Amino acid sequence: MSGHKKISIVCFSGDFDKIIAAYTIATGAAATNREVTMFFTFWGLNALKKRQGHSWLGKDILSRIFNFLMGGRKSLPLSRLNFGGISPMLMTSMMKKNHVATLPELIEAADALGIRLYACEMAMQILGVTKDDLVDSVQEVVGVATFLNESEDAHIIFV
Amino acid sequence: MIHFLDITRETCPMTFVKVKLQLARMDAGQELEIILNEGEPLENVPHSCEEQGYQVVSVDDCGDGKHRVLVKK
């Protein structure tokens, strides 16, 4: 990417609607000539797991329980009115009906646009998640210092 | 060679995304004809193309709130 304008998005939330908001800003920014970095930490890491449903990832009993309960991209809850996980499915069908890009489409667009994906080393350590557990489009596992260095001249958005 | 892209059924951000990706696939000197809606797409897609160094050759009103934008890579 050649744009001099830079946007960095911290994806802290693992809520379905907030991840969609993050990817909407990210793809819109990349498509309008901005250099975009997304930094996934804590609950946000769920959106990057290769296993998109509930799975026992982790190295000890607590991390395995946490990862199972949180699940992956297909288990992201709506931040409000989740109704046991039914709402994200309803929301996706409403989005399709209204020709709005769904989360998988936004993620595919982000990959095509060359958006840089970073995963938070510290959160991965806590949750016992390794880079192999995350999708291949994750460029690197980094700490906050690397993220801040990369975002030196960028607008930083926290989601 | 003129490429064609209708983004009248797309909403933000895919309007911009589809244009960006289509232009990226094209060779220098080729043209892209984009059909888009008035409002946000009309105000920002041509501007965004210019910002990326492409030439907006023409913008024509097709009626029904649709516009035809010709962009040269």
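How many residues of chain B are in contact with chain A, and how many of chain A with chain B? In this predicted model, 13 residues of chain B meet 12 residues of chain A. On the chain B side of that contact, the elements giving two or more residues are α1 (14-25) and α2 (40-51). Helix α1(B) supplies the largest share, with 5 residues. Sorted by class, the chain B side holds 6 nonpolar, 3 polar and 4 charged residues.

**Helix α1 of chain B**

Since α1(B) matters to that contact count, let's look at it by itself. Its 12 residues should span 16 Å at 1.5 Å a residue, and the end C-alpha atoms are indeed 16 Å apart, so the two agree. The buried residues of this helix are M14(B), T15(B), F16(B), V17(B), V19(B) and K20(B). What covers them comes from both chains: the cover includes α1 and α4 (103-112) of chain A, along with β1 (2-6), β2 (31-37) and α2 of chain B.

Just before the helix there's an oddity in the backbone. C12(B) and P13(B) are joined by a cis peptide bond, with omega at about 5°. P13(B) sits in the loop between β1 and α1 of chain B.

**Two open sheets**

Each chain has an open sheet to look at. Here they are next to each other:

| Sheet | Strand order | Pairing | Average twist from one strand to the next |
|---|---|---|---|
| Chain A, 5 strands | β4-β3-β2-β1-β5 | parallel | 25° |
| Chain B, 4 strands | β1-β2-β4-β3 | mixed | 20° |

In chain B, β1 and β3 (55-63) are the edge strands; each has a single partner, so one side of each is left without a neighbour in the sheet. Further in, β2(B) and β4 (66-72) of chain B run antiparallel and are joined by 7 bridges. One pairing you can pick out by eye is L32(B), whose bridge partner in β4(B) is V71(B). Helix α2(B) lies across β2, β3 and β4 of chain B, and runs at about 155° to β2(B).

In chain A the edges are β4 (138-142) and β5 (154-158), again with a single partner strand each, so one side of each has no neighbour in the sheet. Strands β1 (5-11) and β2 (34-40) of chain A run parallel, with 7 bridges between them. Within that pair, I9(A) stands opposite M38(A) in β2(A). Helix α1(A) packs on this sheet, touching β1, β2 and β5 of chain A, and its direction makes about 155° with that of β2(A).

**The core around α1 of chain A**

So what holds the most contacts inside the largest nonpolar core? This core has 51 residues, and those with the most contacts inside it are C11(A), I19(A), Y23(A), A26(A), M38(A) and F40(A). Helix α1 (16-31) of chain A gives the most to the core, with 9 residues. Take A26(A) as an example: leaving out residues up to four places away in sequence, A26(A) touches I9(A), V36(A), M38(A), A110(A) and I115(A). As a general point, nonpolar side chains in soluble globular proteins tend to be buried together.

**Two unusual phi angles**

Most residues other than glycine have a negative phi. N33(A), in the loop between α1 and β2 of chain A, has a positive phi of about 70° without being a glycine. With 19 C-beta neighbours inside 10 Å, N33(A) counts as partly exposed. F42(A) is also not a glycine, yet has a positive phi of about 40°. F42(A) lies in the loop between β2 and α2 (61-70) of chain A, and its 18 C-beta neighbours inside 10 Å make it partly exposed too.

Conventions. Residues numbered from 1 in each chain as written. Chains lettered and ligands numbered in written order. Predicted model: local features only at pLDDT ≥ 70, side-chain atom pairs only at ≥ 80, totals over all residues. Core = buried A, V, L, I, M, F, W, Y, C linked by C-beta atoms within 7 Å. Buried ≥ 20, exposed ≤ 12 C-beta atoms within 10 Å, placed from the backbone. Contact = placed C-beta atoms within 7 Å. Nonpolar A, V, L, I, M, F, W, Y, C, P; charged D, E, K, R; others polar. Expected span 1.5 Å × (residues − 1). Pairing = 2+ DSSP bridges. Axes fitted to C-alpha atoms, helices over the stretch in contact; angles between N-to-C directions.
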